[in-house]
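User: Could you take a close look at one part of this model for me? I would enjoy a connected tour that starts with how the elements pack and ends at a single side chain.

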Amino acid sequence: MKRFIFLALGLCLVFPLTVSAADKYPSKPIQAIIPASPGGDTDLYCRILSPALSKALGKQLVVVNVSGGGGSTGTNRVKDAAPDGYTVLFFHNSALLNSVFGVTKYTVTRDFDMAAVAVVDTTNCMTVNAESRFKSLKEMAAEIKAKPNTVIFAGETGAYVYMMGVMFEKAAGGKFKMVDVGANAQKIAAMVGNQIDASMLPGSLIKGFLQSKKFRGLAMMSEKRHPSFPDIPTFKEMGFNLVDSKSYYFAFPKGTPKDVIKTFNAALQKALKDPETVKKMNENYLSPSGIETDKAVAYLDNLQKNYQKVADEVKAEAAKK
């Protein structure tokens, strides 16, 4: 009888403690892993969201940069982390492309627990140094077709900018000389030094260079001209039916409790409406998304399917040669 009473008391004590621990999430700072070096778009956008998200969560969202492998190094760190809600990935389309190009053997929508797509950037721009011989996208297309493997294009192997270069090659019927100089911060440095001919870069990172006439934007992959860049045409206007945008999302290690993800997403929705955050998003040409879990998975799966189709077509064409 005494043993039964002690067991019952033990269960009563354990159960409230378990519920209390879950209810208190987060009870310590959360690490947001950025699979890129400081100074790039992924780093910038997470830092824009971090103050309001930290406030809504009640604990600090600490931004940690883990670069390398076209983003796969940082992505792997999150994948292998404890699924307790205290390590979260903030990344973009490159994780989908790591899978498409075989850089990783997993997919972000299947091997992580998706939180939400936070923001979307439609200002990805084919960019050259202002001293470049290329005055238009059509001139570049003509040269990579007439002189394949001579125009130096910077894109991390198996990542987003690399795919944008591949898509343009396919549309133009030509070939770049692809080089991997690192993340966007390194691409910009290489362009300033005239070490590369071109790359695809987001408007938020090149606006100062465009304003100071150090860079020239040849075209953006948006559906229509961006109001903040009225002089830069779209790829479609230049005769290339290419439209794409970068989607930045939060994803947790597989097995993270659903109530933890729900708490995080609720805080994200508040952060996306925070006046100061909205102001900074507008300044960096970001559109809030906030689509969550299953809908976010479907959205990203569709992107990956489109990229896979392009990659398969390129492989098939290469096999014929």
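Analyst: **Helix packing, a small sheet and a loop**

Helices α2 and α11 are roughly antiparallel to each other, a label for angles over 145 degrees (under 35 is roughly parallel, 65 to 115 roughly perpendicular, the rest oblique). They pack at about 170°, and their axes lie 9 Å apart. Axes here are lines fitted to C-alpha atoms, for helices over the stretch in contact, with angles from 0 to 180 degrees between N-to-C directions. Helix α2 covers residues 41-57 and α11 residues 275-283; where they meet, Ile48, Leu49 and Ala52 of α2 face Thr277, Lys280 and Met281 of α11. Contact means heavy atoms within 4.5 Å.

A word on the ground rules: this is a predicted model, in which local features need pLDDT of at least 70 and side-chain atom pairs pLDDT 80 or more, while totals for chains, interfaces and linings use all residues. Numbering starts from 1 along each chain as its sequence is written, and side-chain values use heavy atoms, without hydrogens or water.

The protein chain has twelve helices and eleven strands, which are DSSP runs numbered from the N terminus (helices H or I, at least four residues; strands E, at least two). Three of the strands make an open, antiparallel sheet in the order β8-β5-β9. β8 (199-201) and β9 sit at the edges with a single partner strand each, so one side of each has no neighbour in the sheet. On average, neighbouring strands here are turned by 40° against each other, direction ignored.

Strand β5 (residues 125-129) is joined to β9 by five bridges; strands count as paired if DSSP finds at least two bridges between them. One of these links pairs valine 128 with arginine 216 in β9. Across β5, β8 and β9 lies helix α9 (residues 203-211), which runs at about 135° to β9.

Leaving β9 (215-220) for β10 (246-253), you pass through the loop that holds histidine 226. At 15% relative accessibility, histidine 226 counts as buried, since buried means under 20% relative accessible area, with over 50% exposed and partly exposed in between (1.4 Å probe, protein chains only). Its side chain comes to 3.0 Å from the backbone nitrogen of serine 228. Leaving aside residues up to four places away in sequence, histidine 226 touches Thr122, Thr123, Met220 and Tyr285.

As for the whole protein chain, 51% of its 321 residues count as buried.

Technical notes:
Polar contact = N/O pair within 3.5 Å; in protein donor to acceptor, adjacent residues only side chain to side chain.
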